[in-house]
Amino acid sequence: MSLIRKVAVLGSGVMGSGIAAHVANAGIPVLMLDIVPPEAGPGEDRSKKSFRNKFALAGLANLKKLRPAPLFTAAALDLIEVGNLEDDLARIAGCDWVVEVVKEDLAVKQALFAKVEPHLKPGAIVSSNTSGLSVTGMLQGRGLAFKKSFLVTHFFNPVRYMKLLELVAGPDTDPGVLARMARFGEETLGKGIVWAKDSTNFIANRIGTYGMLRVLGDMQKAELTVEEVDKIFGPAMGRPKSAVFRTTDIVGLDTFVHVAQNCYDTLTKDEERETFQVPEFVRKMVSAKMLGDKTGQGFYKKVKGKDGESEIQVLDLATLTYRPQAKVRFDSLGAAKGIDDVAERIRTVLTGTDKAAKFAERVTLETLAYASRRIPEISDDLINIDRALRWGFAWDLGPFQVWDAYGVRKGVERMKELGLKPAPWVEQMLASGRESFYAVDGTKDTAWDIPVKKPAVVKENPRTLRVEHLRRANKRLEGNDSATLWDMGDGALLLEFHTKMNSIDDGIVEMMNKSLDRAEASARGLVIGNDGSNFSAGANIMALLMAIKSDDLGSVEKMVAGFQAANQRMRYSPIPVVAAPFGLTLGGGAEVTMGANAVQAAAELYMGLVEVGVGLIPGGGGNLQLLRNLYGPFSTDRDFDPLPFLKRMFLTIGTAKVATSAEEALEIGFLHRSDGISLNRDFLLSDARGRVLGMAESGFRAPRPTHFRLSGRSGAATVDMMLYDMQVNNQISEYDRHIGQKLAHVITGGDVSAFTPVSEQHLLDLEREAFLSLCGEEKTQDRIAHMLETGKPLRN
């Protein structure tokens with residue numbers, strides 16, 4: 001199977017530039033082309049490249065400004081070349097994949113493909129990012145070779161963050177082309193592949209749009225407001241916080257209306273066609289340019305409140321004017337609050353008795369029944385439908401998983417009571433004795449296979465590995481309430497954290513040591529990772545504050561010393577230790593990561609030493625670890641001045657800098673260039689297992705402890721001069737400066753003269769002493785309490 005080494009993206013709008021950015025994130029060169037501007041402005045020369053490439057250059061420049069950032073790091077921009085579709089189209093001959101992302105107009109796409117066809121190199125893949133136009137229609141007039149190499153590659157916006165990639169074959173698409181693109185999308189770009197059919201709006205937008213329009217159609221009958229609906233169909237129902245209306249504002253009402261209108265215009269035989277008629281109030285909003293984020297107002301609008309603070313107001317659908325949001329309270333939502341299990345939480349809402357529960361039940365069952373009837377029109381199986389909604393709309397559970405949570409038989413009975421019609425195959429499944437769409441058979445997930453009328457194993461990439469797989473295979477070795485040790489096979493062990501937010505506590509430290517005891521005695525290596533929402537959000541600051549308030553600094557010191565020692569033991573263990581961080585990897589989570597011998601990180605990594613936000617400095621070895629990463633290779637070389645390294649390190653910790661990707665973590669110094677990055681989170685544990693076994697196989701030797709020539713008292717004084725200037729200019733408070741002085745004292749080596757070599761243990765002792773002294777100060781305690789109460793740092 002030939003590799004995709006260079007990609008051409010035709011179109012530089014939000015989606016085009018987003019696809020280009022993510023291909024560059026994967027380290028692959030991109031050629032991004034757009035049209036030549038039809039008209040020149042005052043002073044513009046039509047013959048100059050700067051004018052002719054104006055749209056593509058604007059798309060490139062926009063990548064630097066967009067939030068959330070489409071790029072892992074600004075350095076990825078170097079992989080994106082730009083040009084225009086008149087002067088540079090022949091350059092696509094050097095590309096292995098050409099993806100069209102121009103205006104959603106069939107005639108425009110057909111004309112572009114006619115120009116593209118002569119320039120394609122043999123074996124190149126060509127695709128469209130259309131969100132729902134007919135594949136057959138787009139291919140009119142193309143030759144057989146073009147048709148064999150063509151498919152739809154439908155990404156979701158924002159491309160970097162949305163996992164879904166819908167692949168749609170044409171009548172003549174070569175199966176090898178489909179397999180090649182699926183592998184590239186999943187293994188190189190980190191996407192979740194969904195196989196869709198050449199039907200209107202494919203899978204995710206078809207079902208997702210139907211569900212949203214059902215909400216719009218039913219909410220006024222239920223006498224519910226915008227903010228009430230978003231509260232109902234948010235996390236309580238396993239949906240993202242943006243729920244229905246905030247999501248629409250992000251996507252854009254004009255885009256939403258376009259998708260809905262395309263369904264209405266083309267789905268002439270759909271029994272629910274009238275549902276896709278957009279309500280009149282939405283059309284009025286579009287006419288009034290109330291399009292959402294792109295125009296600054298949609299269902300929500302940010303305004304200045306009476307006190308000058310920003311306030312998010314909500315649209316009153318009756319008057320189309322904005323008003324302050326009302327507090328939303330429903331018993332069904334209250335009952336679901338605090339339930340971690342998604343299925344149980346959804347079931348709690350749907351079986352409630354208040355109007356929120358009845359509304360949620362009605363809309364949900366309508367959507368589930370509709371989804372069941374779309375098989376086999378949009379998909380031959382329920383798995384692709386569930387994945388499409390989970391990965392494209394960020395639902396925690398897909399429609400059929402939600403139905404399982406509610407109860408399939410109960411759902412069918414309730415649908416009939418409400419006058420809804422589930423697909424006949426659902427009742428056939430129940431009649432066969434199968435009571436759920438999904439089940440577990442031994443260690444494998446199974447799903448109901450509709451054509452063959454029996455369960456079948458859910459297919460997954462062999463690189464997919466989850467803790468649940470190990471649990472089903474009875475691979476647990478030992479554990480406590482905070483962490484568990486698992487056997488990954490072939491001599492690799494896995495230490496899984498499972499506290500709330502995977503915060504570090506005594507139980508985790510205990511299991512770090514027990515895991516090393518067992519690994520050093522009878523295994524080849526240790527991986528630290530988990531399947532949670534985040535790797536670790538840091539230390540358990542609630543427990544820390546309780547100990548401080550109880551005047552139990554002795555237990556705090558014991559915890560800190562124990563955590564430092566555990567991290568050091570991982571670093572210098574005779575067997576390799578690999579950390580597999582992802583998501584939030586903050587404070588203690590970052591210290592665990594940097595304490596490992598190597599890291600296999602998920603691309604989506606948010607890593608930092610953020611303790612200053614609660615009036616502290618890193619206490620689990622973080623100062624030493626970052627110093628070792630940045631300065632370690634030069635730490636005993638007399639030709640290197642330590643101060644530039646120390647300043648960089650001080651600013652990283654002192655400003656609580658958080659890397660927003662694994663690539664950025666490499667640039668900051670949290671990770672090493674030799675560390676690995678997995679773009680597909682599903683492969684992370686498998687990749688980490690491969691790395692630790694590879695290290696063991698290649699003759700791993702533990703590193704030697706580092707000694708550091710630091711700048712001592714004079715270096716700390718230099719840092720304090722910087723802090724003084726910042727305080728004078730009101731950039732930091734007096735207490736911020738005090739914390740900074742503590743940090744500077746630690747990283748410069750303490751009360752020693754310049755260039756005196758100091759050991760790692762000396763730095764750990766300084767760190768622990770500073771951490772404990774800050775714990776005893778009232779202002780730090782206030783900062784911890786404020787963070788616990790508000791989730792925001794306090795500046796006192």
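Visitor: In what order do the three strands of the open sheet with antiparallel pairing stand?

Guide: In this predicted model, local features need pLDDT of at least 70 and side-chain atom pairs count only at pLDDT 80 or more, whereas totals for chains, interfaces and linings use all residues. Residues are numbered from 1 along each chain as its sequence is written, and side-chain values use heavy atoms, with hydrogens and water left out. Strands are DSSP runs (E, at least two residues) numbered from the N terminus, and two of them pair if DSSP finds at least two bridges between them. On that basis the open sheet, antiparallel in its pairing, has the order S9-S10-S11.

Visitor: Which strands stand at the edges of the sheet, and why is one side of each left without a neighbour?

Guide: Each edge strand has a single partner strand, so one side of it is left without a neighbour in the sheet. The strands at the edges are S9 (300-304) and S11 (321-323).

Visitor: Which residue in S11 does Leu315 stand opposite?

Guide: Strand S10 (residues 310-316) pairs with S11 in the antiparallel sense over three bridges. Opposite Leu315 in S11 stands Tyr322.

Visitor: Which helix gives the largest share of the largest nonpolar core?

Guide: A nonpolar core is a set of buried (under 20% relative accessible area, 1.4 Å probe, protein chains only) Ala, Val, Leu, Ile, Met, Phe, Trp, Tyr and Cys residues joined through side-chain atoms within 4.5 Å. The largest such core has 114 residues, and Phe245 and Trp425 are among those with the most contacts inside it. Its largest share, nine residues, comes from residues 355-373, helix H15.

Terms used
Helices (H or I, at least four residues) and strands (E, at least two) are DSSP runs, numbered from the N terminus. Buried means under 20% relative accessible area, exposed over 50%, partly exposed in between (1.4 Å probe, protein chains only).
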